[in-house]
Amino acid sequence: MYKIFYHNDLDGVITASAFILRNKLKKEKYILSPISSEGRTIFNKIVSRNIMKGYDVVSLDFDRADRLSFWCDHHSVDGVSYLVNENVLYDKNAKSAASLYIRNLLLPIEEDKLFFNNAKRYEEVAVAIDMVDSASYESIRYYKNSLNPIMTLKRYVDLKPDLNEVVELLAKTKLNLKKAIKTLEINPEMLRSMAIDSFKTGDKFEFIDYGFIALCKEECNSVPRYAEFDEHSSTAISIRVSVKDVDSIIVRVSKNPWMTHNPFANIDLSVPPKYSDTWGGHKNVAGGVIPMPYKDLFIDSLIETLMDYRRK
Ligand SMILES: [Mn+2]
């Protein structure tokens with residue numbers, strides 16, 4: 001019996017459905033479990049508890065842990081940039097875990113088939129999820145307005161519905177996004193106007209401008225990623241801070257993907273800053289949970305590090 005942990009975003013969802021497809025898993029052979037970035041801190045414990053219960057544990061678009069049956073990821077991991085064996089598919093430079101999985105493990109079994117070949121659709125999904133997960137849309141306007149199936153599905157997943165249902169449907173339709181959207185009875189136009197509304201950050205945000213760098217205090221996950229760059233296009237890096245609970249805050253740092261000549265283009269945000277031992281992510285987007293007592297120390301030192309980089 002597989003216990004499949006997958007990152008609770010669209011990349012994780014698609015990777016999980018590709019895993020089910022590739023291994024032709026019957027429903028009674030697995031349990032799906034979405035997990036948020038904040039779960040990194042305790043992931044090793046969760047995994048070993050599940051192994052003790054007798055599960056084959058899989059981690060998709062998420063952290064490495066001891067004794068996993070399979071691990072596929074592209075988030076930065078200390079000292080590893082590429083690793084492939086029977087149980088691992090890891091590439092730090094892949095734009096998404098889903099495309100990494102699709103191209104290396106799902107497409108090869110499709111290419112031998114003469115009839116009912118799904119290869120073309122799989123490759124299209126790989127291209128689309130690369131664009132979404134690495135935020136390489138042409139503009140923030142595209143992000144806000146596109147009715148492309150992948151954007152519709154992204155908006156839907158961002159609402160955090162029953163993600164397991166989405167995984168099952170994508171597996172069942174063999175990654176036919178349009179069919180899945182129809183079955184889920186999603187109204188793309190309605191979702192889009194909801195997303196556009198949520199871009200109006202004014203009242204949900206406290207925005208402090210440090211020139212190129214901005215500190216944004218938000219209600220937890222109140223606005224979509226990148227919304228701050230819509231209003232403040234000269235911000236190169238945003239540091240989003242929200243309160244997780246009485247003991248900790250969540251900090252997310254991201255580069256403005258639409259700024260030409262972003263002065264931070266080459267900085268690697270996945271390198272853990274001082275006072276954080278739960279940091280994770282990619283070169284252009286990263287984040288972590290910071291204990292409340294270190295809050296001010298952490299933010300001050302992060303801003304200072306970025307300012308120093310800028311002066312160099
Ligand atoms: Mn991902």
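Which kind of unit do S1, helix H1 and S2 make?

**View 1. Here is the start of the chain, with S1, H1 and S2 of this predicted model.** Strand S1 (residues 2-7), helix H1 (residues 10-22) and strand S2 (residues 30-35) make a right-handed β-α-β unit. S1 and S2 run parallel, and six bridges hold the pair together. To find your way in, look for Tyr2, which sits opposite Tyr30 in S2.

**View 2. Now for the sheet, built from six strands.** Follow the order S2-S1-S3-S4-S6-S5 and you've walked across an open sheet with mixed pairing. S2 and S5 (82-85) are the edge strands, each with pairing on one side only. Ignoring direction, neighbouring strands are turned by 15° against each other on average.

**View 3. This one looks at S5 and S6 (residues 88-91).** Unlike the parallel S1 and S2, these two run antiparallel, joined by four bridges. One pair to spot is Leu83 with its bridge partner in S6, Tyr90.

**View 4. Helix H3 packs on the sheet.** H3 touches S3 (56-60), S4 (70-73) and S6, and its direction makes about 125° with that of S6.

**View 5. Last up, H3 (residues 97-110) meets H4 (residues 119-133).** Their axes come within 9 Å and cross at roughly 175°. Angles over 145 degrees count as roughly antiparallel, so that's what H3 is to H4. Residues making the contact include Ile102, Leu106 and Leu107 of H3, plus Tyr122, Val125 and Ile129 of H4. By class, the contact has nine nonpolar, one polar and four charged residues.

Notes: Residues numbered from 1 in each chain as written. Predicted model: local features only at pLDDT ≥ 70, side-chain atom pairs only at ≥ 80, totals over all residues. Axes fitted to C-alpha atoms, helices over the stretch in contact; angles between N-to-C directions. Parallel < 35°, antiparallel > 145°, perpendicular 65-115°, else oblique. Contact = placed C-beta atoms within 7 Å. Nonpolar A, V, L, I, M, F, W, Y, C, P; charged D, E, K, R; others polar. Pairing = 2+ DSSP bridges. Right-handed = clockwise from strand over helix to strand, strands pointing away.
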